[in-house]
Amino acid sequence: MGTLRTDMLQRAQRNRRVVSLRTSNGLFLGYVLSHNPELLMLRTITRQGLPTGVQTISLNTVTQMHFDDRYVRLIEFKEHNPEVVYALPATPGGLENQYLTIPVLLQRAQEVRQLVMLETQTEGYLYGYVVRVSEDELLLETYTQYGEADGHSVLSFDDVRNVIWSDEDTRTIELLLKQGGLDSSKSMP
């Protein structure tokens, strides 16, 4: 094992921070419990920040190691804010008594300023706030999964496959926006 890997594992262990390891067997996230040139013992967690167990990993199978990047900080953020991220889904009142269509849902999202995730026919998923709704399209103030502003998008109603009101990702983004983003003050020098 190289000195850079050793240094990173020592820093992660000393600071009690999550590491991400890519191996020939997949991706592992967790806290370093101990390590030597051959073997690493990791208290593993899921991508939601939930503990899964303790695992040993042969270091000769590790192809990449990540510490304090955006993805790892997002996992740590979820782990430290479970009461919000994994709360019961919230929906605006009154929707259960309406005939729902995509335009009705988008109009309601605009009215209550609800951050939504839109599953689209072409782009996959977009996160954001509905800014305007017209006869056949919408303007969305978009954000990345890390809570970073990502401009504005115009979509036709026909391009919106599903509207997701409140899930782990949307609640995480809303909390990140309220708190001013991911904390990178613990960055590795």
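Reader: Where does T144 lie?

Author: T144 sits in the loop between strand 8 (137-143) and strand 9 (149-156). This is a predicted model, in which local features need pLDDT of at least 70 and side-chain atom pairs count only at pLDDT 80 or more, while totals for chains, interfaces and linings use all residues. Residues are numbered from 1 along each chain as its sequence is written, and side-chain values use heavy atoms, with hydrogens and water left out.

Reader: What makes 137-143 a strand?

Author: A strand is a DSSP run of E with at least two residues, a helix a run of H or I with at least four, and both are numbered from the N terminus. Residues 137-143 are strand 8 by that rule. The chain has 5 helices and 10 strands.

Reader: Which residues is T144 in contact with, leaving aside its neighbours within four places in sequence?

Author: They are Y127, D150 and I173. Contact means heavy atoms within 4.5 Å, so each of these has a heavy atom within 4.5 Å of one in T144.

Reader: Why are V72 and L74 of helix 2 called buried?

Author: Buried means under 20% relative accessible area, exposed over 50%, and partly exposed in between (1.4 Å probe, protein chains only). V72 and L74 are buried, therefore each is under 20%. Among the elements covering the buried residues of helix 2 are strand 2 (26-35) and helix 5 (168-179). Of the 189 residues of the chain, 41% count as buried.

Reader: What radius of gyration does the chain have, set against a compact globule?

Author: The chain has 20 Å, whereas a compact globule of 189 residues would have a radius near 16 Å. The radius is taken over C-alpha atoms, and the globule rule is 2.2 Å times the number of residues to the power 0.38. The C-alpha trace spans about 65 × 30 × 30 Å along its principal axes.
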